Amino acid sequence: MGKTTKLELTWIGKDIYPRLEPRILLEDTAKSYHSKTRVSNNDIFDNRLICGDNLLALKSLRHEYAGRVKCVYIDPPFNTQQAFEHYDDGVEHSAWLTMMRDRLEEIHKLMSVDGTIWLHLDDSEMHRCRCVLDEIFSPDNFLGTVIWEKSDSPRMDAEFFSSRHDYIIVYAKDRASVRFNKIANDSGQLPEHYDKVDASGRPYYLKPLRAMGGQGDSRAARPNLYFGIKAPDGADVFPKRQDGTDGAWRWSEDKIADERERIDWVEGRNGWTPYYRVYGDVEAGRPPETIWTHTEVGSNRTSKAEVKALLPDRVPFSTPKPERLLRRVITVATNPGEIVLDSFAGSGTTGAVAHKMQRRWLMVELGDHCDTHIVPRLRQIIDGTDQGGISKVLGWHGGGGFRYYRLAPSMLEKDKFGNWVISKQYNAAMLAEAMCKFEGFTYAPSDTEYWIHGYSTEHDFIYVTTQTLTREQLQKLSDEVGENRSLLVCCSAFRVKDPSQFPNLTIKKIPKMVLNRCEWGRDDYSLEIKSLPQAAAEAAPESPGNGRRKRNNGSMDLFAAVTEKGGNGK
């Protein structure tokens, strides 16, 4: 690893980045599902469930969804080390961190400027993942860590501690742009310290008007906040600290004048002291706190029962997440109609809750349970037959829908001579859409112009063909495009020595134009334990590699492909 001039976490293979192919998505209409009738005007039908490798899926979403996702909740596989017991210490951490780093970088690009990410972890990698999140999101955008009480009873067979909690780490894309929603006061009552009531019946409590604590409570630190206020007896009262030195008020003179009705004076042994009223509103709710108990948001036991009730003939996940937990996250982070993303979908709880809460959602899942768990669960939600979880609380009666997608195969494959050629699985429409994604165009074939397959602006278009274009064909294209428009022409070959004679055409050959831009033919970037190098039984101290094969740059070849093992199971 090269020299660095910043504080960062390093690990084996950190400098190796995947070269991702931007795959297109192919809808499987047999698995897409929509309500037969509109239940309400707020029904949402354009949700997406993607079956495939989540790193490739995140890359495929970038062109359409960059900067649009308001909330990301992910529950990645926990690195419990149970599956790594035969490998050298440090190897499993490096593989896990690389897996997470690559996905978090893609997620960051999808998030809106006021978006947040909620990352669910246990103790195994939480501290290391914070370092990675700091690098990608910046330490300034760390919002807090939620402690979720996942268990409602202790494990009596625990060797040391009986673990009762997980963590949810929360970061913002841009802290200054984020606005959290408050959560309801379930009791319908304010805390006990709201012990006073004004003439109109509004509850409040008093706080000293003098600034207290911190670096801004002295006259030296805030000289503009040191001034006299008229007490009820006409005397000027100045802010004084407990040690008798000059202090500072919390409010400016202008604010005191504007909010004078909120100031109460209390007479004590040392004279008059000003306080200000802090009003409470049961309806306004309260800010989310950092400890979420199982009585508030459910436990693993709760969520297992929810999934079992929906899918009684399916083997439940060991650590699913309760719907109330996701409801809390989505309530705080989003408003109706905004987009929620989960790229480790598990049993589909994130999408299920987002759907009931009338948010748009995107989910990605690689495993078979995309078909065995998520699709059946969503169908029941859309039909309104799912009355478990948060359905009754929200008065859910069904509606909306989703589209089911698979990742397209790689656009290029090798022929019998070992040359990269366009895949036989690609038809003309798939190739045109794929090239639009590569070149940053929106795929939108024209009904009237055969040469318009997509656009980047209202004047710039793309045309994709596997033909070899003659000079006459190019001249015809140039004439039809005209002077005030441009056309990117992607073709197998062209028979003209000087393409510059067509100033409104940019002519490129496929696949040559994209050949070196990504890895081809790789469908799986998940964390496959079996692909890790196995440690020698007795490693010689003088052998730096312990018998492992190394790359030319000296880093270990750890990151081939993935079966995600560990703790996710939403």
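**Close-up views of a predicted model**

**View 1. An open sheet of five strands with mixed pairing has the strand order 20-21-22-24-26.** In this predicted model, the edges of the sheet are taken by strand 20 (442-443) and strand 26 (505-509), each of which has a single partner strand, so that one side of each is left without a neighbour in the sheet. Strand 20 pairs with strand 21 (residues 454-455) in the antiparallel sense, and two bridges make up this pairing. Within these strands, T442 stands opposite Y455 of strand 21.

**View 2. Helix 12 (residues 471-481) packs on the five-stranded sheet.** The helix touches strand 22 (460-464), strand 24 (486-491) and strand 26, and the direction of helix 12 makes about 140 degrees with that of strand 26.

**View 3. An open sheet of four strands, antiparallel in its pairing, follows the order 8-9-13-12.** Strand 8 (196-197) and strand 12 stand at the edges of this sheet, and because each has a single partner strand, one side of each is left without a neighbour in the sheet. Strand 12 and strand 13 run antiparallel and are joined by six bridges. One residue pair to look for here is E267 with W272, the latter being the bridge partner in strand 13.

**View 4. The second largest pocket has a volume of about 520 Å³.** Its lining is formed by 24 residues, of which R210, K240, N270, W272 and T273 are the closest to the centre of the pocket. W272, the bridge partner of E267 in the sheet of the preceding view, is thus met again here, among the residues closest to the pocket centre. Strand 12 (263-268) and strand 13 (271-279) each supply at least two residues of the lining, and strand 13 gives the largest share, which amounts to five residues. By residue class, the lining of this pocket divides into 13 nonpolar, five polar and six charged residues.

**View 5. Helix 8 (residues 349-356) packs with helix 9 (residues 369-383) at an angle of about 10 degrees.** The axes of the two helices are 10 Å apart, and the angle between them makes helix 8 roughly parallel to helix 9. On the side of helix 8 the contact is made by T349, G351, A352, H355 and K356, while helix 9 contributes R377, L378, I381 and I382. Taken by class, the residues of this contact divide into four nonpolar, three polar and two charged.

How values were computed. Residues are numbered from 1 along each chain as its sequence is written. This is a predicted model: local features need pLDDT of at least 70, side-chain atom pairs count only at pLDDT 80 or more; totals for chains, interfaces and linings use all residues. Side-chain values use heavy atoms; hydrogens and water are left out. On a 1 Å grid over the protein atoms alone, a cavity is a set of points where a 1.4 Å probe fits but cannot get out, and a pocket is an open set with protein on both sides within 12 Å along at least five of seven lines; lining residues have an atom within 4 Å of a point. Grid points are joined across faces, edges and corners, and a volume is the space filled by probe spheres set on the points. Ala, Val, Leu, Ile, Met, Phe, Trp, Tyr, Cys and Pro count as nonpolar, Asp, Glu, Lys and Arg as charged, and the others, Gly among them, as polar. Axes are lines fitted to C-alpha atoms, for helices over the stretch in contact, and angles run from 0 to 180 degrees between N-to-C directions. Angles under 35 degrees count as roughly parallel, over 145 as roughly antiparallel, 65 to 115 as roughly perpendicular and the rest as oblique. Contact means heavy atoms within 4.5 Å. Two strands pair if DSSP finds at least two bridges between them.
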